[in-house]
Amino acid sequence: MGKESKRPVLGAAWTGCLLIAVSLCIALLVLKDEPFLSWRNQIPNWRGNGDAGELGEVTGERDALKDLLRRLVRGEERNQLQVEGFTCHFDLHTEMCLSAKPVRISNGGLTVHVRSDGSQFRRLIRPYARREDRGAMKLVTQFIATDYNQRWIQKYSSILNRLSDYEAPNLADGSVHCFPGAVVGLTYHGNLALNTSDVPGGHSMREFRQFLRESYNLKTKNVHEIGKLRKPVLILISRSNSRKFLNEDAIMELAQELGFQAVMAGPSTISNLEQFAKMVGSCSVLIGVHGAGLANEIFLPDGAVVVQVVLLGLEWASTNYFEIPATAMDLQYLEYKIEPQESSLAEEYGLDHPVIVDPLSVFAKGYPAVRAVYVDGQNVTINLDRFKGTLVEAKRRVGHSTT
């Protein structure tokens, strides 16, 4: 393929190849937990080719594997998988190929050979679930599992250990790995979302959150289980680069005055996922400026409050990335939309500048311009008098008054 090609290529013959990340190797997923993982208990315990006495049992295992994979595709793609044991699905967001036939993975985890009795071909796939995002796609070469990173494996070990009875293999170790089938590529469901109709078994985001609670041993399912005899815990996500609270100490002091047990969580705290998941899993209110840290809302107890601080120019992203997912996860959502004078952009550009009064003129220049101004170039100084009302409402919603 040459050094310049790091993208996945799919071959339907042993001589063809797929430079791809294998997002799911069926043979590894002998799963054991209910309810979210129940459908995967149907994955057969593959034995290989075996002797003649075992051929019937092996054939049954292959049929079970094929039936399981068929749930991931529809229509003609499902028929093709049933008849040929191989199919590919492409839509606006997703590139994914499924093989119910044995596969070999080599070339540092990037080359997957799929045996075929038909014509030979190669398929090129980038293993990223937002294929329409051209900027992100340029940066994608392979799935994280092929870049075996022990720190990443350790960080998510509580989840990975419940997904499989086997350790994650290091596909880049130079050896050849063989599996009875594979799902190649990733499927996009939405932002912090599960599209129930596309999940085998029809599982929802609620069930996935329960799976996470069990993975991290989070005891509190509903915020009202915390009780009224103790102060409600409020966690403020502290950012160190852009979109920072410039008066976060004053915000913490205000929260404490209103009767919260206020905790500030910076990057070093958030990086320890197991520890931070337990912190969030026992808190009542999570506050943050629009950004990735708010994805930790997924660990909150049902009924807890997410307070998103919406910066200038980020209204659409705030709604779609965190508000809609929060309501789908049985959380309560509040937002605090800043006024222009609260943004650092007002001091930098002036209140009459198009950046302030006409954000659409910036959007017309394309996402790089938007990111430079509103995402990477903006911080916030919260108006405490205005923000007080939001905190009072958050406290009321979790069953506490401020009197």
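A residue is called buried here when its relative accessible area is under 20%. By that cut-off, 47% of the 403 residues of the chain are buried in this predicted model.

**Figure 1. The whole chain, with 15 helices and 14 strands.** Start with the overview before zooming in. The chain exposes about 19500 Å², and carbon and sulfur atoms supply 50% of that area. Take the contacts in the chain with a separation of 6 or more: residues 24 or more positions apart account for 69% of them. As for confidence, the mean pLDDT of the chain is 80, and 76% of its residues reach 70 or more.

**Figure 2. Two stretches where pLDDT drops under 50: residues 1-33 and residues 46-53.** Residues 1-33 stay under 50 throughout, yet the model gives them 137 contacts beyond four places in sequence. For residues 46-53, also below 50, the model has 10 contacts beyond near neighbours in sequence. A word of caution for this view: where pLDDT is low, the predicted coordinates should not be read in detail.

**Figure 3. Helix α10, residues 315-328, and its bend at Phe322.** The helix bends by about 25° at Phe322, and a proline, Pro325, follows within four residues. How does its length hold up? The 14 residues should span 20 Å at 1.5 Å a residue, and the end C-alpha atoms are 19 Å apart, so the two agree. Buried in this helix are Ala317, Ser318, Phe322, Pro325 and Ala326. An α-helix has 3.6 residues a turn, so residues three or four places apart point the same way. With that in mind, look at what the buried residues of α10 pack against: strands β13 (305-310) and β14 (332-337). Past the end of α10 comes Asp330, whose phi is positive, near 60°.

**Figure 4. An edge-to-face aromatic pair, Trp316 with Tyr321.** The model has six aromatic pairs. In this one, the ring centres are 5.8 Å apart and the planes make an angle of 80°; over 60° counts as edge-to-face, so that is the label the pair gets. How covered are the two partners? Trp316 has a relative accessible area of 58%, so this residue counts as exposed. Tyr321 is at 29%, which means partly exposed.

**Figure 5. His290, a buried histidine in a loop.** Which two strands does this loop join? His290 sits between β12 (285-289) and β13. Its relative accessible area is 8%, so His290 counts as buried. Leaving out residues up to four places away in sequence, His290 touches Arg243, Gln308, Val309 and Leu314, plus Ala317, Ser318, Tyr321 and Phe322. Two of these may ring a bell from the α10 view: Ala317 and Phe322 are buried there. Tyr321 is the partner of Trp316 in the aromatic pair above.

**Figure 6. Val233 in strand β10, residues 233-237.** This valine has 10% relative accessibility, so Val233 is buried. What does Val233 touch, sequence neighbours within four places aside? The list runs Gln261, Val263, Ser282, Cys283, Ser284 and Val285. Also worth picking out is Phe260: its C-alpha is 5.8 Å from that of Val233, with their positions 27 residues apart in sequence.

**Figure 7. Phe387 in helix α15, residues 384-397.** Relative accessibility here is 0%, so Phe387 counts as buried. Apart from neighbours within four places in sequence, Phe387 is in contact with Ile251, Ile287, Val307, Val309, Tyr336 and Ile382. Tyr336 is 51 residues away in sequence, while the C-alpha atoms of Phe387 and Tyr336 are 7.3 Å apart in space. Val309 turns up again in this view, having already appeared among the residues touching His290.

**Figure 8. Leu192 and Asn217, two non-glycine residues with positive phi.** Leu192 has a phi of about 50° and lies in the loop between β9 (182-186) and α6 (205-215). With a relative accessible area of 24%, Leu192 is partly exposed. Asn217 has a phi near 55°, and its loop runs between α6 and β10. Its relative accessible area is 45%, so Asn217 counts as partly exposed too.

Definitions and conventions:
Residues numbered from 1 in each chain as written. Predicted model: local features only at pLDDT ≥ 70, side-chain atom pairs only at ≥ 80, totals over all residues. Heavy atoms only, no water. pLDDT = per-residue confidence, 0-100. Contact = heavy atoms within 4.5 Å. Phe/Tyr/Trp six-rings, centres within 6.5 Å; stacked < 30°, edge-to-face > 60°. Buried < 20%, exposed > 50% of the residue type's maximum accessible area, 1.4 Å probe, protein only. Expected span 1.5 Å × (residues − 1). Bend = angle between axes of the 7 residues up to and from the residue. Areas by Shrake-Rupley, 256 points an atom, 1.4 Å probe, with all protein chains shown as cover.
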